[in-house]
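User: I am new to this structure and would like a close look at a single part of it, with its surroundings explained step by step. Which residues and elements should I look at, and how do they fit together?

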Amino acid sequence: MAELIVLLGPPGAGKGTQAKVLSETLGLAHISSGDLFRENLQKKTELGVLAKQYMDRGELVPDDVTISMIRERMQRPDCARGAMLDGFPRTVPQAEALDAFLADSGLGAVRKVPYIKVGEADLVERLGGRWTCRANGHVFHTVFNPPQKSGVCDQDGSELFQRDDDKEETVKNRINVYFQQTAPLIAYYQRMNILVEVDGTKPIADVTADLLAALK
Ligand code: AP5
């Protein structure tokens, strides 16, 4: 694989927003574990039904299921030039499995891990006002990034919806789970010398510019 980038950050940090733009700019496949679970949920697959039980509570889907879903996704042809991972890995065992998979399959290694840093109060506000497009997952916010026409995606005209797991109680649990299970990845990638911290509290376009600079 030519290029592999992992976007790290808490729920609502802007991983999905930035991955959509950056993957297009850099010509990489955008792989979002959350979007893959939601697609499965929409199609009512066995994986989707299983994942829903965890997602509704703001908990993580078990590592074995998540790892095999991502392995399969990374072998599709659109990943030949590289990929930007958004939401995966999310635990140390997932990161170790990713490294092992990349080494075993001769795909190389993760090159850079931008960590989008945003404080807890901002996260709750961002997720409470988030609207997502049904067709392609484009992300909007009632205050910070409103669509031109309420309820309609600017990019593809599809319906915008609010995610079930963006309810306040679930958001709080997702943030707790992030600190317990995902935040240790900051040290994991720091040790490998590939972590680069980006201030995620700036306006969206400024964060994009900082990420592009960090990825040079
Ligand atoms: P997932 O879909 O990955 O959700 P998440 O990580 O919680 O991240 P979000 O999508 O909520 O936030 P984001 O950082 O992408 O922010 P966004 O760009 O949308 O996972 C959902 C669930 O799936 C998990 O809880 C778990 O159950 C399961 N799952 C997924 N991956 C898994 C894994 N690897 N292992 C196990 N389980 C897994 O932005 C948020 C809002 O803020 C938007 O409204 C946006 O417009 C706005 N915004 C963005 N940037 C800015 C900015 N700079 N300023 C102001 N507003 C901004």
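Analyst:

**Around the ligand**

Gly16 lies in helix 1, and this glycine is a convenient place to start reading the model, which is predicted. At 24% relative accessibility Gly16 counts as partly exposed, because that value falls between the limits of 20% and 50%. Once residues up to four places away in sequence are set aside, Gly16 touches His30 and Asp86. The chain also brings Ile31 into the picture, since 15 residues separate Gly16 from Ile31 along the chain, while their C-alpha atoms are 9.6 Å apart.

From there we can turn to the ligand itself. The ligand has 36 residues around it, and those that come nearest are Thr17, Glu59, Arg90, Arg130 and Arg174. Sorted by class, this shell has 15 nonpolar residues, 11 polar ones and 10 charged ones.

Individual polar atoms can be followed as well. In Ser33, a polar side-chain atom lies 2.7 Å from a nitrogen atom of the ligand. Phe140 takes part through its backbone, for one of its backbone N or O atoms is 2.8 Å from an oxygen atom of the ligand. For Arg174, one of the residues that come nearest, the pairing is between an N or O atom of its side chain and an oxygen atom of the ligand, at a distance of 2.5 Å. As for the extent of cover, the ligand taken alone exposes 1,100 Å², of which the protein buries 96%. Several elements give two or more residues to the shell, namely helix 1 (15-26), helix 2 (33-42), helix 6 (120-128), strand 6 (139-141) and helix 9 (204-215).

Among these contributors, helix 2 supplies the largest share, with four residues, and helix 2 therefore deserves a description of its own, in which the word buried is used for a relative accessible area under 20%. Its buried residues are Ser33, Gly34, Leu36, Phe37, Arg38 and Asn40, so Ser33, whose side chain was placed beside a ligand nitrogen atom, belongs to this buried set under that limit. An α-helix has 3.6 residues a turn, so residues three or four places apart point the same way. The buried residues of helix 2 pack against strand 2 (29-32), helix 3 (46-55), helix 4 (63-74) and strand 3 (83-86).

Just beyond, helix 2 is followed by Lys44, which sits in the loop between helix 2 and helix 3. Lys44 is not a glycine, yet it has a positive phi of about 55°. Lys44 counts as exposed because its relative accessibility is 68%, which is over the limit of 50%.

Helix 9, which also gives residues to the shell, holds Thr208. Thr208 is buried, because its relative accessible area of 11% is under 20%. Leaving aside neighbours within four places in sequence, Thr208 is in contact with Gln18, Val21 and Leu22, and these three numbers fall inside the range 15-26 given for helix 1.

A further point of backbone geometry concerns the stretch that leads from strand 3 to helix 5, where Pro89 lies in the loop between them. The peptide bond that joins Phe88 and Pro89 is cis, with omega at about -5°.

Helix 5 (residues 92-104) in turn packs with helix 8 (residues 184-191) at an angle of about 35°, and their axes are 9 Å apart. On the side of helix 5 the contact is made by Val92, Ala95, Glu96, Leu98 and Asp99, and on the side of helix 8 by Pro184, Leu185, Tyr188 and Tyr189. By class, this contact has seven nonpolar residues, two charged ones and no polar ones.

Pro184 appears once more through Phe179, a residue of helix 7 (residues 168-182). Not counting residues within four places in sequence, Phe179 is in contact with Pro184 and Glu120. Phe179 is partly exposed because its relative accessibility of 46% lies between 20% and 50%.

Finally, Asn193 lies in the loop between helix 8 and strand 8 (195-199). Like the lysine discussed above, Asn193 has a positive phi, here about 65°, although it is not a glycine.

Key: Residues numbered from 1 in each chain as written. Predicted model: local features only at pLDDT ≥ 70, side-chain atom pairs only at ≥ 80, totals over all residues. Heavy atoms only, no water. Near = heavy atom within 4 Å. Polar contact = N/O pair within 3.5 Å; in protein donor to acceptor, adjacent residues only side chain to side chain. Areas by Shrake-Rupley, 256 points an atom, 1.4 Å probe, with all protein chains shown as cover. Nonpolar A, V, L, I, M, F, W, Y, C, P; charged D, E, K, R; others polar. Axes fitted to C-alpha atoms, helices over the stretch in contact; angles between N-to-C directions. Contact = heavy atoms within 4.5 Å. Buried < 20%, exposed > 50% of the residue type's maximum accessible area, 1.4 Å probe, protein only.
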